[in-house]
Amino acid sequence: MESRALDRIAAGGFVDRIAVTLSGLCLAHCLATALLVGVLSSASALLGSPLIHETGLALAIVLGAVALGAGIVQHGRFLPPSVGGLGLGMMAGALTLPHGGGETTATMLGVGLLALGHFLNRMALA
């Protein structure tokens, strides 16, 4: 029964497509924050809020677990979740860095790796 539910969730890589889209939005958020820090310090305070980063990471973890976990069940390959997990780890580690201390770079690299993991997962499902 569980396998059928996971098959439906992973079918067509729907969750992976959502996760890749959210990764793109995260990347846009990081770039916008970095640009706005230098231009509009009042707007950067809103975009740089820890709550946004913590919520985004929690959402990324949930989507990653569902999509990449379902992918393992379907195709049995461990590379996509390994790459995605590394990205999630980098994103989580970036939350511990001070602003301007490599946080944006670590986050963007982590988001890129997570998106790559979801992309690999979709390709393995095809």
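Reader: Which residues are buried in α6?
Author: This is a predicted model. Buried here means under 20% relative accessible area. In α6, the residues that meet this are Glu103, Ala106, Thr107, Gly110, Val111, Leu114, Ala115, Gly117, His118, Asn121 and Ala124.

Reader: How far does α6 reach from its first C-alpha to its last?
Author: Helix α6 has 23 residues. At 1.5 Å a residue, 33 Å is expected. The model is close to that, with a reach of 33 Å.

Reader: Is Thr107 buried or exposed?
Author: Thr107 lies in helix α6. Its relative accessibility is 11%. The cut-off for buried is under 20%. Thr107 therefore counts as buried.

Reader: What does Thr107 touch, not counting residues up to four places away in sequence?
Author: Contact needs heavy atoms within 4.5 Å. Thr107, a residue of helix α6, has four such partners to name. They are Cys26, Cys30, Met91 and Ala94.

Reader: Which residues make up the largest nonpolar core?
Author: This core has seven residues. The elements giving two or more of them are α4 (50-75), α5 (79-94) and α6 (103-125). The members are Leu57, Ala60, Leu68, Leu88, Met91, Val111 and Leu114.

Reader: Which element gives the largest share of this core?
Author: The core includes Leu57, Ala60 and Leu68. These residues are also among the buried ones of α4. The largest share is three residues, and it comes from α4.

Reader: Which residues is Leu68 in contact with, leaving aside its neighbours within four places in sequence?
Author: Leu68 is a buried residue of α4 and a member of the largest nonpolar core. Another core member, Leu114, is among its contacts. The full set is Asp16, Leu63, Pro80, Pro81, Gly84, Leu114, Gly117, His118 and Asn121.

Reader: How far apart are the end C-alpha atoms of α4?
Author: Helix α4 has 26 residues. At 1.5 Å a residue, they should span 38 Å. The model agrees, with its end C-alpha atoms apart by 36 Å.

Reader: Which residue takes a positive phi just after α4?
Author: Helix α4 covers residues 50-75. Just after α4, phi is positive, at about 75°. The residue is Gly76.

Reader: Which helix gives the most to the nonpolar patch on the surface?
Author: The patch is formed by Phe14, Ile18, Leu22, Leu25 and Leu59. Together they have about 430 Å² of accessible area. Four residues come from one helix, residues 14-39. That helix is α2.

Reader: Is Leu25 buried or exposed?
Author: Leu25 is found in helix α2. Its relative accessibility is 52%. Exposed means over 50%. Leu25 therefore counts as exposed.

Reader: What separates the C-alpha atoms of Gly24 and Gly112?
Author: Gly24 lies in helix α2 and is partly exposed, with a relative accessible area of 37%. Gly24 and Gly112 are 88 residues apart along the chain. Their C-alpha atoms are separated by 8.5 Å.

Reader: Among contacts between residues at least 6 apart in sequence, how many join residues at least 24 apart?
Author: The chain has six helices and zero strands. Its pattern along the sequence is α-α-α-α-α-α. Of those contacts, the share joining residues at least 24 apart is 72%.

Reader: What share of the exposed area do carbon and sulfur atoms supply?
Author: Buried residues make up 32% of the 126 residues. The chain exposes about 7100 Å². The carbon and sulfur share of that area is 73%.

How values were computed
Residues are numbered from 1 along each chain as its sequence is written. This is a predicted model: local features need pLDDT of at least 70, side-chain atom pairs count only at pLDDT 80 or more; totals for chains, interfaces and linings use all residues. Side-chain values use heavy atoms; hydrogens and water are left out. A nonpolar core is a set of buried Ala, Val, Leu, Ile, Met, Phe, Trp, Tyr and Cys residues joined through side-chain atoms within 4.5 Å. Buried means under 20% relative accessible area, exposed over 50%, partly exposed in between (1.4 Å probe, protein chains only). Accessible areas come from the Shrake-Rupley method with a 1.4 Å probe; for residues, only the protein chains shown count as cover. Patches are made of residues with over 30% relative accessible area and no salt bridge: like charges are joined within 9 Å, nonpolar side chains (Val, Leu, Ile, Met, Phe, Trp, Tyr) within 5 Å. A salt bridge is a side-chain nitrogen of Lys or Arg within 4 Å of a carboxyl oxygen of Asp or Glu. The expected span of a helix is 1.5 Å times one less than its number of residues.
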